[in-house]
Amino acid sequence: MAKKVYEEANIAAIAQKIRDKAEIDTTYTTAEMPNGIDEVYEKGYTKGKSEGGSSGSNKLAQFIDRTVTEIMAEDLAGVTEIGVSAFSGCYKLTSVAIPNNITLIGANAFSGCRNIKGVYIDDIASWCNKTFGYSGGVTGIGSTNPSAVAKGKLYVNGVLLTELVLDGDKINEVSAGAFMYNEDLKRLIISGNPQLSQFSFDNSGLESIDLGTEITKIDRVFSDCKKLTSIEIPNSVTSIVDYAFFNCVNLAKARIGNGVETIGNNAFRNCSALTDIYIDKPEGSITGAPWGAPNSPTIHWNTPLPTEE
């Protein structure tokens, strides 16, 4: 991309035009940039220091043109971080491409971008490893991850993601919030023992989850998965943390293997449809039953997991 900069005096004028929702002045000239801004690029964004973030020529600090409609991969060439609130208020933005070179998306980077219709990536492993620097706890991811803002609409090599296969040999970790609010994602299949960070699938559209045979811990990963009706926890799992399945309001049956040693007291809190919990452990060996489930589900102790034919 050809590098061009606005004259210093024009920065304030551009900001005023944005506030007035007028057209951006596209007169370019070379000049020294004020306030830590390194460069203003041809499409109207700055590189340099953003509020609450680090500085550097590889950081997209702020888009100036709030009327932009699409962000293409080439627009972010050479950028590794999208700064805090970088695209905040780009209400006309409908399409976002996030290339593999982006490793961090700052808090509230896409706040107010309510018209995003598609987020485009070409490598699922790269997406799983990105850091979503959310603020304000779990709700902040909704304005940081562009796919969360779009309630899904994550396209991998042009195909809408509805089924995700996680191979622990290739993907070691799924970052916090990576698939949060992704209503299009219906099925998850896991092999190996990847680390699932908290909220990685929170509020998603998951209907089917296959945890494989090697995963060892269920963190607060699947809370608010309201379309999930059943779950089977393999024998490899030793710990199910507090709020692991919080507010999975349509979860009716849970089957838990013989390897579990601890279950958080609120693991099934607000799971109002839960009627049966099958667990392959002696009665009373795991304290806290029914682990937050509100309607006194039946606990079936000493019940092995179904054997696959």
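These legends go with a set of close-up views of one predicted model.

**Figure 1. The whole chain, as a starting point.**
Before zooming in, here is the overall tally for this predicted structure. The chain has three helices and 23 strands. It runs to 309 residues, and 49% of them are buried. Take the contacts in the chain with a separation of 6 or more: 40% of those link residues 24 or more positions apart. On the outside, about 13600 Å² is exposed, with carbon and sulfur atoms supplying 45% of that area.

**Figure 2. A three-stranded open sheet.**
Here β17, β19 and β21 line up in that order, with parallel pairing. The strands at the edges are β17 (217-218) and β21 (262-263), each of which pairs on one side only. Zoom in on β19 (residues 239-240) and you'll find two bridges joining it to β21, the two strands running parallel. One partnership to pick out is Ser239 with Thr262 of β21.

**Figure 3. The largest nonpolar core.**
This core has 72 residues, and the members that touch the most others are Phe110, Phe179, Phe201, Phe222, Ile240, Phe245 and Phe268. Several elements give two or more residues to it, including β8 (118-121), β10 (154-156), β12 (163-167), β18 (230-233) and β22 (276-279). The top contributor is α2, which puts in four residues. Ile240 also turns up in Figure 2, as part of strand β19.

**Figure 4. Phe179 and the residues around it.**
Phe179 is one of the core members that touch the most others. Skipping residues up to four places away in sequence, Phe179 touches Ile124, Trp127 and Cys128, along with Leu154, Leu161, Leu164, Val174 and Leu185. Its list also takes in Ser200, Phe201, Asp202 and Ser204.

**Figure 5. A second, separate core.**
Apart from the big set there is another core, this one of five residues. Among them are Ala148, Met180, Tyr181 and Phe199.

**Figure 6. Asp184, an acidic side chain tucked into a loop.**
Look for Asp184 in the loop between β13 (173-174) and β14. Is Asp184 buried or exposed? It counts as buried because its relative accessible area is 16%, and the cut-off for buried is under 20%. The Asp184 side chain reaches the backbone nitrogen of Lys153 at 2.7 Å. Leaving out neighbours within four places in sequence, Asp184 is in contact with Lys151, Gly152 and Lys153 on one stretch, plus Leu160, Leu161 and Thr162 on another. Leu161 is also in contact with Phe179, so keep Figure 4 handy when you look at this view.

Terms used: Residues numbered from 1 in each chain as written. Predicted model: local features only at pLDDT ≥ 70, side-chain atom pairs only at ≥ 80, totals over all residues. Heavy atoms only, no water. Pairing = 2+ DSSP bridges. Buried < 20%, exposed > 50% of the residue type's maximum accessible area, 1.4 Å probe, protein only. Contact = heavy atoms within 4.5 Å. Areas by Shrake-Rupley, 256 points an atom, 1.4 Å probe, with all protein chains shown as cover. Core = buried A, V, L, I, M, F, W, Y, C linked by side-chain atoms within 4.5 Å. Polar contact = N/O pair within 3.5 Å; in protein donor to acceptor, adjacent residues only side chain to side chain.
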